Amino acid sequence: MTGQLAFVESPVQLLNVLEWAHARTPAGDPADAAPLTVVVLSPTDPMSRGQLRRMAQLARDEGLTVGWQEARGGRGALARTLRELAGPLRAAERVIIGDPFSRYVQLLLSLFAPRHLTVVDDGTATMEFAAQLGRGERLVRWHRKGSLGPRELVLAPVTSLARRRLAPARGRTVEIFTSLPVEAPDGLTVTENAFAWTRTRFGPPLLTRGADLVGTSLVETGVVDADHYSRVVGELAGAHGATRYFAHRRESAEKLHRIAVETGLQVVRPDLPLELVARRGPIGRTVVSFPSTVVHTLPLALAGTGVKVAVCEIAPEWLRESASPRAQGFLSVVTGTAAHEVDRLTARAVSPADRLEFG
C-alpha cells in the first residue's frame, strides 16, 4: 500500500493525527488502512518533549510507526534531518502536518511537493491559516506584529513557495481535519474532527464538585499583560469555586508560581493534552478557559459527560501595547465561534457578585 507520512511538532498535533487515522480507518479495522508513519520533529522545551514522548507511546499502541528526530539539536541538525527525510518524503502519497506556520514544515514542503496534503489542528492557528490561504496572503501567525525581520526576509522565498504547496492545485489535494469552525477556500476539503478516538479510548471521567481553570500562553506570546492575567485568574477562581489550574505547556515557571501564591490554586502540569487528561478524569463539573482551542475541543471530547465549558472573553484593556493589532479581533472570533453550549463570561462577569450558575 502507498505510505502516509505525518510530521508533528507538538503533543496536540500528534493527538489529532491519531484522530485523523481513526476517522480514516475502514470499518474500524487498522489492517485495512494504508500504513502511517509519524515523524516527531522534536521541540526543545521539556514540557512539550515529555508530553510528546507519552503521546508517541499511545500512537505506537495504536499500531502506528513513530520516529523521533532531534530536528533542533544544534549545529548540523537541520541538514541531517533533511537528508534522512528526503526518501520517505518523496515516496509518501500523503503528507500530514500540524502547523503550516512552522518554518521547519515550510522548508520541507518547499523541497518536496506532496501529492496529497492534510493539515490537522495545532490550536486556533488552523482558523487563521484557512483565512489567509483563502485571501491569498502570506502566512503569518496572528499574534505577530510589525514588518518582516531579518530572519523572515531571508526565509521569505521559502515561505512563499510553501504557501503555494499548501494550496490545492492540479495533481495535489489539500484537506483540513479540524474541530474548529473553518471556512474552506476554493478547492480545499474540510473534514470534521469529532474526537471519536479520544471518546472511544478514555473515560467517561469522574467529575469533581468544583471547577477547573485552563491556563493560556497569551502572556508568554506578548498578547496579554501579566498583571491583568493574574488578577483575572484569581477572580475567576473565587467566582466559580475553582481549586485547580491546568497550565499550558508554554507557561513560564515564574508566572505559574505567582498564580499559585496569589490565588491558592493547585497548579497542574498535564502529562498529556488536556482533552485526554479531562477525558480520563477526574475533572471539574465546570471548566473555565480563556479563548483557546479547548473551548472548541473539550465540548467534543467530553460530550455526554455533563461537564460544562465556559470561556472568559479577553477585555481590550488586558492587551499589551505591543500586542498585534489583529489580536483582539482574532480572540473574539475564537470566543464567538465556540459551540452554542459553551457559556460566555464577559470581562465584567468574573467577580463573585456576577458568578454564573450552571444548570
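Q: What makes Ser 102 a cap of helix α4?
A: A side-chain oxygen of Ser 102 lies 3.2 Å from the backbone nitrogen of Tyr 104, at the N-terminal end of α4. A polar contact is a pair of N or O atoms within 3.5 Å, one able to donate a hydrogen and the other to accept it (residues adjacent in sequence count only if both atoms are side-chain atoms). The 3.2 Å is within 3.5 Å, so the pair meets the distance limit. The model is predicted: local features need pLDDT of at least 70, side-chain atom pairs count only at pLDDT 80 or more, and totals for chains, interfaces and linings use all residues. Residues are numbered from 1 along each chain as its sequence is written, and side-chain values use heavy atoms, with hydrogens and water left out.

Q: Why is α4 called largely enclosed?
A: Helix α4 spans residues 103–111, and seven of its nine residues are buried, so the rest of the structure largely encloses it. Helices (H or I, at least four residues) and strands (E, at least two) are DSSP runs numbered from the N terminus. The buried residues of α4 include Tyr 104, Leu 107 and Ser 110.

Q: Why is Thr 216 called buried?
A: Buried means under 20% relative accessible area, exposed over 50%, and partly exposed in between (1.4 Å probe, protein chains only). Thr 216 has 7%, so it counts as buried. It is found in the loop between β8 (207–214) and α8 (226–240). Its side chain reaches the backbone nitrogen of Leu 218 at 3.3 Å. Leaving aside neighbours within four places in sequence, Thr 216 is in contact (heavy atoms within 4.5 Å) with residues including Tyr 229, His 248 and Phe 290.

Q: How do you know that the buried residues of α12 line one face of the helix?
A: They are Ala 327, Phe 330, Leu 331, Val 334 and Thr 335. Seen down the axis of α12, they fall within an arc of 140°, so they line one face. The arc is that of the directions from the helix axis to the C-beta atoms. They pack against α5 (125–135), α11 (294–301), β12 (308–312) and β13 (343–345).

Q: How do you know that β1 and β2 pair?
A: Two strands pair if DSSP finds at least two bridges between them. Five bridges join β1 (residues 4–8) to β2 (residues 36–41), which run parallel. Ala 6 stands opposite Val 38 in β2. The two strands belong to an open sheet of seven strands, in the order β3-β2-β1-β4-β5-β6-β7.

Q: What makes β3 and β7 edge strands?
A: Each of β3 (65–69) and β7 (189–192) pairs on one side only.

Q: Which strands form the open sheet of six?
A: The order is β10-β9-β8-β11-β12-β13, with parallel pairing. The twist averages 30° from one strand to the next (axes are lines fitted to C-alpha atoms, for helices over the stretch in contact, with angles from 0 to 180 degrees between N-to-C directions). In this sheet β11 (residues 283–289) and β12 pair over four bridges, and Thr 286 has Lys 308 as its bridge partner.

Q: What makes a set of residues a nonpolar core?
A: Its members are buried Ala, Val, Leu, Ile, Met, Phe, Trp, Tyr and Cys residues joined through side-chain atoms within 4.5 Å. The largest here has 81 residues, and Val 38 is among the five that touch the most other members. Six residues, its largest share, come from helix α1 (residues 11–24). A second, separate core of 28 residues includes Leu 213 and Val 233.
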